[in-house]
Amino acid sequence: MLASISSAIVQGVDGIAVTVEVHVGDGLPGLTIVGLPDAACREARDRVRAAVLAAGATWPPKRITINLAPSGTRKVGSGLDLAMAVGVLVASGDVEADAAAGIAFLGELGLDGTVRHIPGIVPLVDAVAAVRVGVPVRCAPDAAMVEGPDVIGLATLTEVRKALKKEEPWPDHPVPTRLVAPRPAPDLADVRGQPVARKALEVAAAGGHHLLLVGPPGAGKTMLARRLPGLLPDLEAADAMAATRVHSAAGIDLGGGLVRRPPFRAPHHTATTVALVGGGTASMRPGEISLAHGGVLFLDEMGEFPPTVLDALRQPLEQGEIALSRARFSVRLPARLLLVAAMNPCPCGEAGRPGRCRCTEAALARYRRRLSGPLLDRFDLRVDVDRPDADALLGAEVGESSAAVAERVRAVRALAIDRGVRSNAELHGDALERHASLDRAATDLLRAALATGRLSARGLARVRRVGRTLADLDGHDGPLGVEHLATALALRADLVPVSGLAS
Amino acid sequence: MSTTAPDLVGIGRDDATRACLVALAGLEGIGPATLLACATGEGAVAVWTALVAGRAASVEALARRADRRDGLDLDRLARAARGVDPTEVLARNRADGRRVLVPGDDAYPDRLSSDPAPPAVLFAQGALGALERPTVAVVGTRTASRLGRDLARDLGATLAAHGVGVVSGLASGIDAAAHVGALGPTDPDPAAQPTGRGEHWAAPIGVVASGLDIAYPVGNRLLQRRVGEAGLLVSETPAGHRPSRWRFPARNRIIAALADAVVVVESRSAGGSMLTAAEALERGVPVLAVPGHPTSPVAAGANDLIFDGATPVRSADDVLMAIGVDAAQAPIPGLEGAGRAAAGRVDRPSALLGDPVAQAILEHLDGGPATLGELANRCAASLDEVALALARLEGEGLIATSGGWFERRLPSGAGSRGAGGDRR
């Protein structure tokens, strides 16, 4: 007999509908799986057999062939176990032939028949062609976020079999509540002093400007970066769904909620290119860059990341997505993010303070070489973070809260959308000329900065964009004034000390 | 070694002797004192023959060197020596206009022949006549402050304009700045000959620890070449050798020996410039030091020297007076202000006098470099106000920024801006 059960697999952040065809026929007893299964998928043979027996059914002493269609796509992982088991039950005549019609099954099986959770439930449920979908109980809340099929939470194969045999109704497990409530984002009010870094965070959030924090260890660079997502507005519906799919595909438990708040990802500097960009296995698991979609990617100790890993960041920063191509297929992963990086100004830890830093020329040159110029150029904001003042640490004065800053950020983002861009950082060419024109004094200031070599031609456009954001934050429209451009210049410090001649 | 000048007549002046001296000087482990002992004892040719034949222990100076606690491995030395052809080495050191001088040569600097520790062989490139004028060594730390580098540059320019040759070590920081100043105003095109310098302008003298064909640090290559073209380069390291650590203190003694006075612009309390000052004191060469703020680590060495009796430098006039040059004569028009600028007594432009934030920033920076964050904390002004004041001050040339640090600087004096050929 033949059975045909709907299921799905994940590739990148998208699900692909898969039909699990089970044929039970005469011949030497055994089970063959065809249709490009990978190792984990092929091992389903033993799990499915044990689970079917545990569910109280008899294993048909026949020749069983399972085909995973479309058979040209590689199937990865154990998410098809449940569909195979149901297929075997149907094809062997244990349950009625039409019992599983219109229901898709997703989930891994334990040897005792337990239905275990699988990663990527959101794109999977989105992809299946069915009116109802049976998913592991733990995945049910996330699955329910997807519009379309009705979700049935399943705990064991036994209850599935009973429901298919119509001995019992489909189970209605209580939705597991989230074990940990989402931690509120850390608040900017915790930061004492640091007026420059505070301003830089606000500008970065408001204008979507990538930010480089330079400072000695212990200056609070990580603490500051963690407060950036709290300043960003909620994700728009499309971005929230994209971020949700990415998180789901990466196997992160969403607890039944869309990813509405901008995520914060901080990969360690030992991360590989694949960990950052995604790919690696045939399921093309999304990397940290995609997980930061709509939010903040924080690279602490940027100088310690291997140059190849950093260079892999350039394309996503430019295009807002990553196109990964492999021999058989290619996937597109979302990757629109705000990049925040932190680094020490020099190896000796004296922060390059002139006259105090004792790094040799060679050590500085080595340190500088690690960072590729094109990547450094992407940072509109480069600020120094000093170790905080004792006065500021002990003072009673509490800085502005994240909520107050976020209010201004929202207003500036709205202005950018009126200009036809997502944020001021995306103002280019004509739009930049139109929306970031300069008054006389500002022109003079920039001319002087260009003449002394303090500013490069490429830096000029970036300073104007940041100037636009600063002016927006002050509620100032019209041509940019000298005060905003001077601040924009000050927020774009040289990266590393340029020691050398007295010129 | 005794402090009286050793008998130098024993050093032969024929090419064979020179070749062996140069070959010995290139061997790792043979310092200036051992080389001199070899040259005045058995003679360079005999030492070289013995060394190559494996009889190094029979040479008194080498045996003594091998007995020291950080003893020299004579077998290794012999192996290294066997790979060297003295004739070829001599030829290499005479290429590109370089000269190989030994004591007793007419061209060998008089200042060195009377020295207690003269180089047994000296490599020179350029005009040896530069040493016949009065000379002043301007030395200091490699990691100098902006203000220190500006000061060294202006001091170099003023001294050169008064016909005083500036001696320095061509290291980065103060050394390089002093020579940039001493080279005088130049065209932006580095290939062009220096312009605007009078007959009276004194040529710079560079004393390097590497071979003359090698620049260390590499970043000073252009500067070293220009000093060689405009003035004189000397070294006791044969061509092709990068400087070993011990060559720097040895180089410092030559700087002290070649100068009529040593000025320490900025130095840490245990910096190489302190060694130069000590060598100068041993030779009776006056030591001067530019006083600095007590909190600044780069001023600590210079302040220590002043405490110990060195003459404080308030302006270039103090330096000129120390070597008996009339400060009143300012031979090159337009340079009258250079001495004043070097003293740091610069009036602040009136345009900024009315700006309290700019004043506060300048006052704060007088105490040392600061970041934007520090300035914003200290100056009781908004970030925008501080940023605007900083941009104006930078435009006026009163401050400079590098690596996120803001520093006081001297307004570009003596037109030597842009003379830093290898600005990175």
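Helices (H or I, at least four residues) and strands (E, at least two) are DSSP runs, numbered from the N terminus. This is a predicted model, in which local features need pLDDT of at least 70 and side-chain atom pairs count only at pLDDT 80 or more, while totals for chains, interfaces and linings use all residues. Residues are numbered from 1 along each chain as its sequence is written, chains are lettered from A and ligands numbered from 1 in the order in which they are written, and side-chain values use heavy atoms, with hydrogens and water left out.

**Backbone features**

In chain B, Pro217(B) lies in the loop between strand E5 (205–207) and helix H10 (221–230), and the peptide bond that joins Tyr216(B) to Pro217(B) is cis, with omega about 0°. Chain A has a cis peptide bond between Ala69(A) and Pro70(A), again with omega about 0°, and Pro70(A) is found in the loop between strand E4 (63–69) and helix H3 (81–91).

Two residues of chain A other than glycine have a positive phi, and the table sets out their values.

| Residue | Phi | Loop of chain A | Relative accessible area |
|---|---|---|---|
| Lys166(A) | near 60° | between helix H6 (157–164) and helix H7 (195–207) | 58% |
| Glu301(A) | near 55° | between strand E12 (296–299) and helix H12 (307–311) | 24% |

Buried means under 20% relative accessible area, exposed over 50%, and partly exposed in between (1.4 Å probe, protein chains only). Lys166(A) therefore counts as exposed at 58%, whereas Glu301(A), at 24%, counts as partly exposed.

**A buried helix residue in chain B**

Leu90(B) is found in helix H6 (residues 86–93) of chain B, and because its relative accessible area is 5%, Leu90(B) is buried. Leaving aside neighbours within four places in sequence, Leu90(B) is in contact (heavy atoms within 4.5 Å) with Asp15(B), Arg18(B), Ala19(B), Val22(B) and Val100(B). Of these partners, Val22(B) is 68 residues from Leu90(B) in sequence, yet the two C-alpha atoms are 6.5 Å apart in space.

**A positive patch in chain A**

Arg42(A), Arg45(A), Arg74(A) and Arg328(A) form a positive surface patch. Patches are made of residues with over 30% relative accessible area and no salt bridge, like charges being joined within 9 Å and nonpolar side chains (Val, Leu, Ile, Met, Phe, Trp, Tyr) within 5 Å; a salt bridge is a side-chain nitrogen of Lys or Arg within 4 Å of a carboxyl oxygen of Asp or Glu. Among the patch members, Arg45(A) is found in helix H2 (residues 44–54) of chain A, and Arg45(A) counts as partly exposed because its relative accessibility is 35%.

Key:
Areas by Shrake-Rupley, 256 points an atom, 1.4 Å probe, with all protein chains shown as cover. Lys, Arg positive; Asp, Glu negative; His and termini not counted. Charge placed at Lys NZ, Arg CZ, Asp CG, Glu CD.
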